[in-house]
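User: I would like to go through the strand pairing in this model and hear what each label rests on. Please take it one pairing at a time.
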Protein chains: 2
Amino acid sequence: MTTIPRTVTLTFEPTGTTVPAVPGTTFLKAAHAGGVDITATCGGRGRCTSCRIKVLKGTVPPPTIMDKVQLGDDQVREGFRLACQTQVLEAATVQPAPPISEGTFQILSCAHDMRKDSRLRLDSGVQKVFVKAKCPTEEHHQTSDAEEILRQVPGVSHDLELDLLRRIPALLREANGELTVTTFYSKVLDIEAGDATAHKYGMAFDIGTTSIVGSLLDLDTGAQLAAVSGLNPQAVYGGDLMSRIAFAQFNPAALKKLQTRVLAAVNGHIKEATEQAGVDPRQIYKLVFVGNTCMHHIFLGIDPTHVGLAPYAPSVRAPLEFSARELLLRTNPSARVFFLPIVAGFVGADTMGVVLATRVYEGPVIRVAVDIGTNGEVVMGSRRGLMACSAPAGPALEGAQIKHGMRGAAGAIDRVTITEDVRYHTIGDLPSLGICGSGLIDALAQMLEAGVLDRSGLIRLEERDHLPPALRDRIVERNGERQFILVRAEESGSGEEIVITQQDIRQVQLAKGAIYSGLLMLQKVMGVPDDRIGELMLAGGFGNYLNIESAKRIGLLPDLPTERITYAGNAAALGAQMAVLSETERHRATALARKIEHVSLAARPDFQEVFVEAICFPGFAPEVTTAEVLGG
Amino acid sequence: MTTIPRTVTLTFEPTGTTVPAVPGTTFLKAAHAGGVDITATCGGRGRCTSCRIKVLKGTVPPPTIMDKVQLGDDQVREGFRLACQTQVLEAATVQPAPPISEGTFQILSCAHDMRKDSRLRLDSGVQKVFVKAKCPTEEHHQTSDAEEILRQVPGVSHDLELDLLRRIPALLREANGELTVTTFYSKVLDIEAGDATAHKYGMAFDIGTTSIVGSLLDLDTGAQLAAVSGLNPQAVYGGDLMSRIAFAQFNPAALKKLQTRVLAAVNGHIKEATEQAGVDPRQIYKLVFVGNTCMHHIFLGIDPTHVGLAPYAPSVRAPLEFSARELLLRTNPSARVFFLPIVAGFVGADTMGVVLATRVYEGPVIRVAVDIGTNGEVVMGSRRGLMACSAPAGPALEGAQIKHGMRGAAGAIDRVTITEDVRYHTIGDLPSLGICGSGLIDALAQMLEAGVLDRSGLIRLEERDHLPPALRDRIVERNGERQFILVRAEESGSGEEIVITQQDIRQVQLAKGAIYSGLLMLQKVMGVPDDRIGELMLAGGFGNYLNIESAKRIGLLPDLPTERITYAGNAAALGAQMAVLSETERHRATALARKIEHVSLAARPDFQEVFVEAICFPGFAPEVTTAEVLGG
């Protein structure tokens with residue numbers, strides 16, 4: 001039973017067009033519904049700046065992580081927002097603004113950083129120098145084409161790559177000596193005719209098990225010129241990590257298939273991003289990749305078999321550097337391609353991205369970054385040191401292995417409120433088709449709160465008579481399994497009931513228990529009680545949609561004051577972007593990876609105990625406290 | 001009219017077999033003619049040690065350069081010789097000895113060096129370490145396959161190449177952790193199963209316009225395991241350098257043809273050498289190439305057009321490093337491939353090989369290395385500095401563009417004596433087919449001496465009556481051209497006369513004049529009169545066959561005391577071999593190339609004057625002396 005919303009009026013300047021809007025919808029949707037044309041290049045996903053608006057009158061919610069990432073602190077302070085990310089609260093007047101152009105300065109950073117208004121050091125390592133070279137002459141005979149060109153680029157190595165050596169004689173003469181030399185440290189990456197110093201690009205990629213996210217960056221300004229993403233096309237060979245490892249296991253041909261698919265996807269993203277931004281792919285000189293260990297290995301064609309077997313050891317943890325040529329990436333063939341280092345088996349290069357983006361290594365206060373996914377990674381510490389662990393949560397929080405579970409797509413229930421009866425919200429305000437991870441967490445929290453579940457997670461079938469009548473009727477037992485009817489058949493988009501089964505609840509408990517036990521274990525090993533955690537940063541796509549109160553309620557997150565829990569956005573991808581723009585950050589990742597201590601949950605004899613505690617729901621009967629779990 | 005030789009008796013121990021031999025023939029030929037089986041793996045070219053003999057009784061000539069190169073000073077002192085290189089002087093007793101095996105220590109060096117009995121520092125830079133690695137375990141979980149393997153190879157980079165990364169998981173497990181890691185400085189080149197530390201090879205190549213010479217070396221012992229050579233198969237597209245440049249000029253497809261041919265030849269030589277020595281090509285980890293600038297550029301696929309046009313500038317002079325993979329060389333794909341630096345247009349990487357091998361940069365005394373070929377390169381100096389120049393001699397000294405000229409092959413006249421009449425010697429003691437470069441130089445020297453030529457090089461047709469009757473009859477004029485009949489039709493192998501025409505004499509004069517003027521120019525620029533030249537070292541294949549007295553007689557070489565003129569062997573190839581075995585030498589080449597001063601003959605206004613003097617024959621009427629040419 002969705003609530004019937006009242007409407008408010010939005011005014012779009014400079015035309016003064018007014019449109020009605022239901023509070024809770026976004027300015028973008030309201031504009032489109034009312035016939036106001038606002039471009040949304042990325043499809044309203046907060047991945048570009050094309051729907052930028054300036055709020056002239058009225059209150060809007062605080063900026064989202066995407067507002068901050070795309071627009072930067074200064075713009076946000078000036079009242080700019082992304083129309084696609086900003087919910088309508090009340091009547092307001094806004095003015096659509098042109099997207100931030102290439103030329104505009106825009107720093108990519110992370111939530112934590114931007115709050116402190118610090119700036120990323122723009123030192124990509126890629127340099128372009130315009131030179132005016134002369135052809136060798138008889139008077140000055142002891143020279144070469146290469147020397148004449150590189151004379152004005154001091155400190156650069158003349159040991160050029162083969163294809164450059166081959167192009168040099170014609171380049172020098174055809175361009176009349178007017179050339180642009182691109183270097184990365186002392187290495188010459190390319191020589192182009194004419195003055196091409198204005199075009200210096202890089203790309204960051206986060207290769208996830210589920211999706212691939214790419215970002216095209218201007219190395220001079222730090223501006224994001226295009227954001228691209230898509231599902232990881234390896235999925236046809238296995239939806240999750242372990243099934244993909246199983247597919248490739250001891251089977252070079254299968255591994256090659258996985259590798260080819262992800263490579264093609266990445267090359268597709270490079271093409272898409274460069275076309276979107278009107279950039280020549282040959283002017284992409286630096287790329288940084290992050291991804292979990294398995295994705296990292298598969299991308300490079302390394303057999304991931306042993307990553308999937310205890311003790312889950314990677315084949316290599318060191319930061320790696322390649323040329324785009326050897327990886328068959330369709331950028332400048334000499335572009336430097338970096339993979340951030342791996343900490344340990346399931347604490348991969350993506351976690352290093354999270355570490356960079358959250359700057360969890362900074363400051364005296366203990367902070368925690370939690371990346372919630374099929375594998376939950378937790379990094380905890382301060383400038384005095386970091387520890388990390390990985391918890392195998394499984395796909396329940398992504399809606400998989402849940403009876404009516406689905407991904408966070410249109411029609412998915414993503415918010416649930418239970419008082420006298422059930423109310424819910426679906427993505428896109430469409431008829432409900434299933435429930436996604438954030439909806440599940442909300443539902444369980446609300447079921448606990450309403451007394452539908454007991455503290456152990458059992459649906460209170462026998463005690464249902466104590467519940468309000470509407471709720472009581474939703475508790476049923478079918479084929480010996482207890483179920484809670486979330487959406488009745490007549491209300492749902494599919495015409496069928498949407499239920500949460502006892503089994504679903506157990507799955508969510510296992511998943512949240514895994515992640516929380518990772519956090520608890522680090523707290524235990526480092527001797528950090530809840531009150532010493534200065535900030536808990538939620539990373540990863542899922543983290544952004546999570547209702548923090550519900551997450552605390554079901555014990556996915558510890559019961560910290562809500563202001564100490566923050567969203568860090570897609571921190572893995574942000575970290576990769578930072579390493580593209582800044583050699584300081586890339587080198588920092590190398591240095592940090594050596595120092596992060598990995599806590600192997602499986603190897604800890606006390607893990608079982610912590611895990612059992614973590615899968616229970618907190619707060620009802622505090623017979624076991626976190627303090628007890630922490631060993632006092 | 002060849003002399004009728006007497007025969008002497010050779011005794012071969014331990015069997016005591018006796019065979020007759022004509023003095024002047026080699027021990028190898030005498031043995032084979034007499035049924036004594038001595039292996040000559042390289043075909044009797046002094047390129048291996050398979051025909052090694054020990055002289056037990058009797059006198060043999062001083063060791064040749066090949067004896068010294070192949071056997072080393074110690075062996076030569078002990079009486080060992082190469083049967084293929086050692087001429088029979090008188091009756092002697094010898095004992096065939098087994099070839100020097102891989103295990104034996106053998107230093108490759110050059111004539112100059114070995115005379116001083118100095119030793120090459122064996123520091124190839126390639127290291128092999130046998131490790132016993134454990135698979136990662138749960139107890140020690142923060143590690144990777146790569147780290148477990150490389151733990152015992154300190155200081156090595158873990159940023160491994162792609163194909164190595166891909167092989168690591170299986171390698172570690174299949175070999176039970178027993179692995180051999182090959183490194184070049186901090187770079188890992190390969191990881192092999194088991195203990196393969198004994199197998200560490202390198203190859204040196206001299207890519208000449210005419211021929212390609214390769215040498216397979218044991219990097220541990222310095223031993224040459226195989227020597228291979230063949231004609232440069234680019235010859236079908238042009239016999240000399242300029243015609244090959246013309247073929248490739250502004251024509252990428254033609255360039256590709258030239259490149260493909262030389263690459264195939266080199267890969268063929270790698271195959272041949274490794275098969276000969278029973279070596280796995282994947283265990284070749286370092287290669288050094290030398291060659292003139294044009295061959296260098298073509299091998300790398302760099303358009304040589306501008307090398308053939310004034311000011312003859314190379315596209316790159318710097319020392320270059322590649323992987324065998326990118327050059328498509330069939331060795332270990334990660335093998336490091338080096339090209340020695342180029343000094344200037346026609347003073348190429350081959351000259352750097354000559355510089356290394358002759359150590360012309362050493363000591364306080366001025367020394368000169370002269371590489372006689374189609375282009376003659378001259379390097380002069382001492383530890384105080386070096387100057388170099390290149391002189392375009394043309395192919396006359398190789399028998400080309402000479403009426404009855406031919407290469408130094410079987411049947412070629414290679415020695416000529418003229419007193420009352422003409423006597424000559426042919427290669428292989430076969431009926432004469434033509435005359436090769438060394439024969440031409442001998443012939444001209446003897447014709448001068450006998451008064452057949454005047455000092456200007458003119459055949460004395462009018463004055464022939466002053467000559468002995470046999471000589472007088474050999475001077476004829478046909479179709480307006482003066483000729484000297486060297487071999488009468490009835491004596492020659494082809495049944496036709498072999499003559500030296502006035503035009504031939506002019507060609508030789510131009511060729512020898514070019515080379516000598518290069519030397520004279522360096523003497524002039526450096527202010528070095530003849531008596532300050534401490535040593536003149538003849539490099540290159542041709543230099544080894546040259547009769548020094550005749551070369552001085554015709555003014556190809558200055559009139560130095562004969563003991564100051566030495567043979568340096570194929571110094572370019574030797575230098576490449578030194579750089580394979582010794583990083584000290586390779587780095588020395590880099591440092592020296594920066595310091596050698598190139599004297600461009602074409603750019604010197606005084607060159608014409610020097611050249612005109614140099615093409616004349618010295619000694620008859622000393623109206624112009626070297627001192628005068630040197631400007632006093």
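Analyst: In this predicted model, Leu10(B) stands opposite Ala92(B) in E5(B).

User: What makes E1(B) and E5(B) a pair?
Analyst: Two strands count as paired if DSSP finds at least two bridges between them. E1(B) and E5(B), the latter covering residues 92–96, have 3 bridges, so the criterion is met. Their sense is parallel.

User: How do you know that E1(B) and E2(B) are paired, and in which sense?
Analyst: Residues 8–12 of chain B make up E1 and residues 17–21 make up E2, with 5 bridges between them. The cut-off is at least two bridges, therefore these strands pair; the sense is antiparallel. Within this pairing, Thr11(B) has Thr18(B) of E2(B) as its bridge partner.

User: Which residue takes a positive phi in the hairpin of E1(B) and E2(B)?
Analyst: Gly16(B) does, with phi near 75°. The hairpin has 4 residues between the strands.

User: Why are E11 and E13 of chain A called edge strands?
Analyst: The open sheet in chain A has 6 strands, in the order E11-E10-E9-E12-E14-E13, with mixed pairing. Strand E11 (224–231) and strand E13 (320–323) each pair on one side only, and are the edge strands. From one strand to the next, the twist averages 15°.

User: What makes E10(A) and E11(A) a pair?
Analyst: E10(A), residues 211–218, pairs with E11(A) over 7 bridges in the antiparallel sense. At least two are needed, so the label holds. One of the bridges links Ser211(A) to Leu231(A) in E11(A).

Definitions and conventions:
Residues numbered from 1 in each chain as written. Chains lettered and ligands numbered in written order. Predicted model: local features only at pLDDT ≥ 70, side-chain atom pairs only at ≥ 80, totals over all residues. Axes fitted to C-alpha atoms, helices over the stretch in contact; angles between N-to-C directions.
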